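Got your viewer open? Load the model and get your selection tool ready.

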Amino acid sequence: MPLMTSVEAGPEPPSVPSGAVLIGVLTERALPPGTERWSSLLEGNRALLDGVDFRGDAGQVVRLPAPDGVDAGSVLLVGLGPSADNEALRRASGWAARSAAGTGAVATDLHTIGQAGAARA
């Protein structure tokens, strides 16, 4: 049976009750332009992220339980490395897809990161 994963995106925090929300994170746990709405999630999980040594380096992926206010089963953080250029986003999408296998639904705003950065430049 083929793997089926749907992807949903929008301006509001997504609703995927049995799925995951995917968030791209830069090195040093910085958020790319346009994704600042997730800063409280990172701050609220600082001790947990320290415990698993998640820094946002390219290739790092960690799954967290979804906090209150996020209508999802879990949150996937994927490291982008030092920049959110097209190559970093492409690679992060692949790492996240492998980590999300069997999740069912994944909501993300990875596709808007480059647009937000370009709009500010």
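What follows is a short walk through a predicted model, from its nonpolar cores out to its salt bridges.

Start by selecting Val 21, Ile 23, Val 25, Leu 41, Leu 42, Leu 49 and Leu 77: these have the most contacts inside the largest nonpolar core, a group of 17 residues. Now colour strand 2 (15-26), helix 1 (39-44), strand 3 (61-65) and strand 4 (71-81), the elements that each give two or more residues to this core. Strand 2 supplies the largest share, with four residues.

Zoom in on Leu 49. Leaving out residues up to four places away in sequence, Leu 49 touches Arg 29, Leu 42, Phe 54, Val 62, Leu 64 and Leu 77. Another core, of 13 residues, lies apart from that one; pick out Leu 26, Leu 76, Leu 89 and Ile 113, which are among its members.

Keep Arg 29 on screen and add Asp 50. The two form a salt bridge, with the closest N and O atoms 2.6 Å apart. Asp 50 lies in helix 2 (residues 46-51) and Arg 29 in the loop between strand 2 and helix 1, so this pair ties together parts 21 residues apart in sequence. Arg 29 is buried, at 18% relative accessible area, while Asp 50 is partly exposed, at 46%.

How many salt bridges does the whole structure hold? A search finds six. Select Asp 53 and Arg 55 for another, with the closest N and O atoms 2.7 Å apart. Add Asp 57, and you have a network joined by salt bridges that share partners.

Last stop: Asp 71, in strand 4. Draw a C-alpha to C-alpha distance to Pro 17: 5.3 Å in space, though the two are 54 residues apart in sequence.

Note on methods. Residues numbered from 1 in each chain as written. Predicted model: local features only at pLDDT ≥ 70, side-chain atom pairs only at ≥ 80, totals over all residues. Heavy atoms only, no water. Core = buried A, V, L, I, M, F, W, Y, C linked by side-chain atoms within 4.5 Å. Buried < 20%, exposed > 50% of the residue type's maximum accessible area, 1.4 Å probe, protein only. Contact = heavy atoms within 4.5 Å. Salt bridge = Lys/Arg side-chain N within 4 Å of Asp/Glu carboxyl O.
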